[in-house]
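Here is a set of short exercises on reading a protein model. Try each task before you read its solution.

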Amino acid sequence: SRELLHIVHRDVSPPNIMLSKNGEVKVVDFGLAKANSQLEDTDQGVVKGKFSYLAPETANGEEIDERADVFALGIILWEMLTERRLFLADTPLDTVKLVRAARIPSIIAINPNVDPALDSIVRKALARDRHDRYPSAADLGDALVGYLFDKEMKATAKDVSLAVAEIKA
């Protein structure tokens, strides 16, 4: 039997998400990633990753798990839907303070075209308390696929491939 490693990437951010010409979405740069078995060896209080994409528990120097990556994905989704940065200040310290507070402006107030059901999914990913978030990125992905199914929308590898080809043109 195979045992899951429960890898925590710890640096999920836009530069580390790549779209291939074949329509694959890939998370790259596992330089900061650790398996759960290694997490206790992480230096307490050391902030790793790009400041704007940290989870509150990471910014507080607490022990982290897969839900920190879910929070980072929630930030990316929020930013894609609003075309704004969520946590960005003039200095890294001020950015970390914003992350710690984890105040999330309404997506719908910024972009009224966003469906409340999609807003709800992103809000759950961005819950300040990690126990209120999706337990894993796979669970967040399932929620997004369920949303697309409910709305009779599709996003296949072919659709992503065509979008990548259009950008390259």
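The exercises below go from the overall fold to single residues, and the model is a predicted one.

**Exercise 1. The fold**

Task: State how many helices and strands the protein has, and in which pattern they follow each other.

Solution:
- Step 1. Count the elements. The protein has eight helices and two strands.
- Step 2. Read along the sequence. The pattern is β-β-α-α-α-α-α-α-α-α.
- Step 3. Look at burial. Of the 169 residues, 37% are buried.
- Step 4. Look at contacts between residues at least 6 apart in sequence. Of these, 59% join residues at least 24 apart.

**Exercise 2. The helix α3**

Task: Compare the span of α3 with the span expected at 1.5 Å a residue, then decide whether α3 is mostly covered or mostly open.

Solution:
- Step 1. Count the residues. α3 (66-82) has 17 residues.
- Step 2. Take the span from the first C-alpha to the last. The helix α3 reaches 25 Å, close to the expected 24 Å.
- Step 3. Check burial. In α3, 15 of the 17 residues are buried, so this helix is mostly covered.

**Exercise 3. Two positive phi angles**

Task: Find what is unusual about the phi of Glu83 and of Glu152, and say whether each residue is buried or exposed.

Solution:
- Step 1. Recall the rule. Most residues other than glycine have a negative phi.
- Step 2. Take Glu83. Its phi is positive, about 55 degrees, although Glu83 is not a glycine.
- Step 3. Place Glu83. This residue follows α3 and lies in the loop between α3 and α4 (92-101).
- Step 4. Judge its exposure. Exposed means over 50% relative accessible area. Glu83 has 74%, so it is exposed.
- Step 5. Repeat for Glu152. Its phi is also positive, near 55 degrees. Glu152 sits in the loop between α7 and α8. Its relative accessibility is 76%, so Glu152 is exposed.

**Exercise 4. A loop with buried residues**

Task: Describe where Arg133 and Ser136 lie, whether they are buried or exposed, and which polar contacts their side chains make.

Solution:
- Step 1. Locate them. Arg133 is in the loop between α6 (116-125) and α7 (137-150). Ser136 is in the loop between α6 and α7.
- Step 2. Apply the cut-off. Buried means under 20% relative accessible area. Arg133 has 4%, so it is buried. Ser136 has 19%, so it is buried.
- Step 3. Follow the side chain of Arg133. It makes a polar contact of 2.8 Å with the side chain of Glu57. The Arg133 side chain also reaches the backbone oxygen of Arg128 at 3.2 Å.
- Step 4. Follow the side chain of Ser136. A polar contact of 2.9 Å joins it to the side chain of Asp139.
- Step 5. Widen the view. Beyond four places in sequence, the residues in contact with Arg133 include Ala55, Pro56, Arg67, Val70, Phe71 and Lys124.

**Exercise 5. The largest pocket**

Task: Describe the volume and the lining of the largest pocket.

Solution:
- Step 1. Give the volume. The largest pocket holds about 1,400 Å³ of space.
- Step 2. Count the lining. There are 37 lining residues, and Ile17, Val25, Leu77, Met80 and Leu144 lie nearest the centre.
- Step 3. Sort the lining by type. It has 28 nonpolar, five polar and four charged residues.
- Step 4. Trace the sources. β1 (17-19), β2 (25-27), α3, α7 and α8 (157-168) each supply at least two lining residues. The largest share, eight residues, comes from α7.

Note on methods
Residues are numbered from 1 along each chain as its sequence is written. This is a predicted model: local features need pLDDT of at least 70, side-chain atom pairs count only at pLDDT 80 or more; totals for chains, interfaces and linings use all residues. Side-chain values use heavy atoms; hydrogens and water are left out. Helices (H or I, at least four residues) and strands (E, at least two) are DSSP runs, numbered from the N terminus. Buried means under 20% relative accessible area, exposed over 50%, partly exposed in between (1.4 Å probe, protein chains only). A polar contact is a pair of N or O atoms within 3.5 Å; within protein, one must be able to donate a hydrogen and the other to accept it, and residues adjacent in sequence count only if both atoms are side-chain atoms. Contact means heavy atoms within 4.5 Å. On a 1 Å grid over the protein atoms alone, a cavity is a set of points where a 1.4 Å probe fits but cannot get out, and a pocket is an open set with protein on both sides within 12 Å along at least five of seven lines; lining residues have an atom within 4 Å of a point. Grid points are joined across faces, edges and corners, and a volume is the space filled by probe spheres set on the points. Ala, Val, Leu, Ile, Met, Phe, Trp, Tyr, Cys and Pro count as nonpolar, Asp, Glu, Lys and Arg as charged, and the others, Gly among them, as polar. The expected span of a helix is 1.5 Å times one less than its number of residues.
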